[in-house]
Amino acid sequence: MTDTRATRIEKDTMGEMEVPADAYWGASTQRAVLNFPISNLRYPPAFIHMLGRIKRAAARTNLALGLLDQAVADSIEAAATEVVDGKWDEHFVVDLFQTGSGTSTNTNANEVIARRARELTPGVNVHPNDHVNMAQSSNDVIPTASHLAAAEALNGELIPALEQARSALAAKSGEFWEIIKTGRTHLQDATPIRLGQEFAGYASQLELSIARLRPHVTALGEVALGGTAVGTGINAHEEFAARTCATLSEELGLPVTETTHHFQAQGTQDTMLAASGAVRSAAVSLQKIANDLRWLSSGPRAGLAELELPTVQPGSSIMPGKVNPVIPESVVQVVCQVIGNDAAVAAAAQGGYLELNTYWPVAAYNLHQAITLLASATANFEEQCLRGIKATSKGPDMVEQGLMMATGLTPAIGYDKATAIAKSAAAKGTTIRELAKAEAGLTDEQLQELLDPARMTAPGIVEGASGGGG
């Protein structure tokens, strides 16, 4: 279909280009639009808004250093603020799969801000490269925006969501503490466990996930800004990066600092890769929790049925009354995506050749998407599933039937005799207690102590018990 929109002529160093008349981008951005008609993926708005913050902070710094006129700096700041506020999101039009440095998106920001600045301040000539991009290169700006967009999402979205879920699981641990059920290893019956202990384990997983993620907020806050083209800082004032980072740190409430390792900061994505690994680890922890809840709520009659998950929607278009664990299912699907995101970041991190990694757009996109997706799924998991979980009587009712109750006998009769009783109970369909009394000569009082499920959920050995075997 032919584009019939009115156009205007813009120029860059390669010549003239037709640009849509209502577009705020210029010739270089338009070239990128034509060069990369690859997908419908774009940098996320949060990344574009972070670019706006960097351009605004840079203008303030360059003004303070006496490198920009007041009128030019003020107009850039006003235009960049509108970018930060999302007013011009639709004018960031470059495909994600573009030049590996993200130069086209940096150029897109420079052109949009420069044009809007001239519009806001008639008579003031604002140049996209000379003024908006002063003391910067795509090679340090795009890595900086990539780090800070990820750090902001970690700090403001994923970590709070995980903390809410951890809190909900810890509350359930307390609520379920007195409920004793059969533990399972290898999906087979094991010794008794408190349902509260099981949930304490889930809460601990998320507590540790948060602890693993927090250092990456700080690590991502160490940015490449100031390195310009190859890490040497050419064409940037020696105070530019430190001052600009201080401004960004104050705005974001994050520890933003100029890296002391400029050449690695642009040539590698090691920091992003490490953060991605921590996000993947948190995702896998959530998958373990979600899958356990699916197992424990399976049934309601032909499964374990030890838990009831909140009912949120009908489960089948053909089976009346069927209800499925759809919220946990949505979580595990997000985990699949996050694992894929992490693989993409790892592949991108391998693309560091010489003075520049040229896979920045795909790495930034995948890390940011992994963080925000997992944050959203976690928040929904907590709200629509975790806080409404109920325990049934099925778990406690089955404890006495558990064959691994025989473990409690070993201090008194030894492993071999306890094994024989367990096997005999399995074959005869009876309980460990019944056979232990009949075949091991243990009294009701001894069995009451040896096979006390509550005692078996904590460390210790029955006093006075003597081994009768290996």
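Ile180 stands opposite Arg194 in strand 4. This pair is a good place to enter the model, which is predicted. Strand 3 covers residues 180-185, and strand 4 covers residues 188-194. The two strands run antiparallel and are held in register by five bridges. Between them sits a hairpin with two residues. In this hairpin, His186 takes a positive phi near 60 degrees.

Now step back to the whole chain. The protein chain holds 17 helices and 10 strands. Its radius of gyration is 31 Å, while the globule rule gives 23 Å for 470 residues. The value is well over the rule, so the chain is more spread out than a compact globule. The C-alpha trace spans about 100 × 55 × 35 Å along its principal axes.

What share of the residues is buried? Buried residues make up 49% of the 470 in the protein chain. Contacts tell another part of the story. Take those between residues at least 6 apart in sequence: 73% of them join residues at least 24 apart.

Turn next to the surface. The accessible surface of the protein chain comes to about 21,500 Å². Carbon and sulfur atoms account for 52% of that area. Charge can be counted too. There are 35 positive and 51 negative side chains. The centres of the two sets lie 6 Å apart.

Go now to the start of the chain and find strand 1, residues 7-12. In a regular strand the side chains alternate between the two faces of the sheet. Strand 1 shows this alternation. Arg8, Glu10 and Asp12 point to one face and are buried. Thr7, Ile9 and Lys11 point to the other face and are not buried. Note that the buried face carries Arg8, Glu10 and Asp12.

Strand 1 has a partner. Strand 2 covers residues 15-20 and runs antiparallel to strand 1, with six bridges joining the two. A hairpin of two residues links strand 1 to strand 2. Across this pairing, Glu10 stands opposite Met17 in strand 2.

Next, look inside a helix. Thr244 belongs to helix 8, which covers residues 240-252. Is Thr244 buried or exposed? Its relative accessible area is 0%, so Thr244 is buried. Which residues does Thr244 touch, leaving out those up to four places away in sequence? They are Ile54, Ala57, Ala58, Thr61 and Leu225.

Just before helix 8 comes a loop that starts from strand 5, residues 222-223, and Thr228 lies in this loop. Thr228 has a positive phi of about 50 degrees, although it is not a glycine. Thr228 also counts as buried, because its relative accessibility is 2% and the cut-off is under 20%.

One more loop deserves a visit. It runs between helix 10, residues 270-296, and strand 7, residues 307-308, and Pro300 lies in it. The peptide bond between Gly299 and Pro300 is cis, with omega about 10 degrees. Ala305 is found in the loop between helix 10 and strand 7 as well. Its phi is near 55 degrees, a positive value in a residue other than glycine. With a relative accessible area of 11%, Ala305 is buried.

Conventions:
Residues are numbered from 1 along each chain as its sequence is written. This is a predicted model: local features need pLDDT of at least 70, side-chain atom pairs count only at pLDDT 80 or more; totals for chains, interfaces and linings use all residues. Side-chain values use heavy atoms; hydrogens and water are left out. Helices (H or I, at least four residues) and strands (E, at least two) are DSSP runs, numbered from the N terminus. The radius of gyration is taken over C-alpha atoms; the globule rule is 2.2 Å times the number of residues to the power 0.38. Buried means under 20% relative accessible area, exposed over 50%, partly exposed in between (1.4 Å probe, protein chains only). Contact means heavy atoms within 4.5 Å. Accessible areas come from the Shrake-Rupley method with a 1.4 Å probe; for residues, only the protein chains shown count as cover. Lys and Arg count as positive and Asp and Glu as negative; His and the chain ends are not counted. The place of a charge is taken as NZ of Lys, CZ of Arg, CG of Asp or CD of Glu. Two strands pair if DSSP finds at least two bridges between them.
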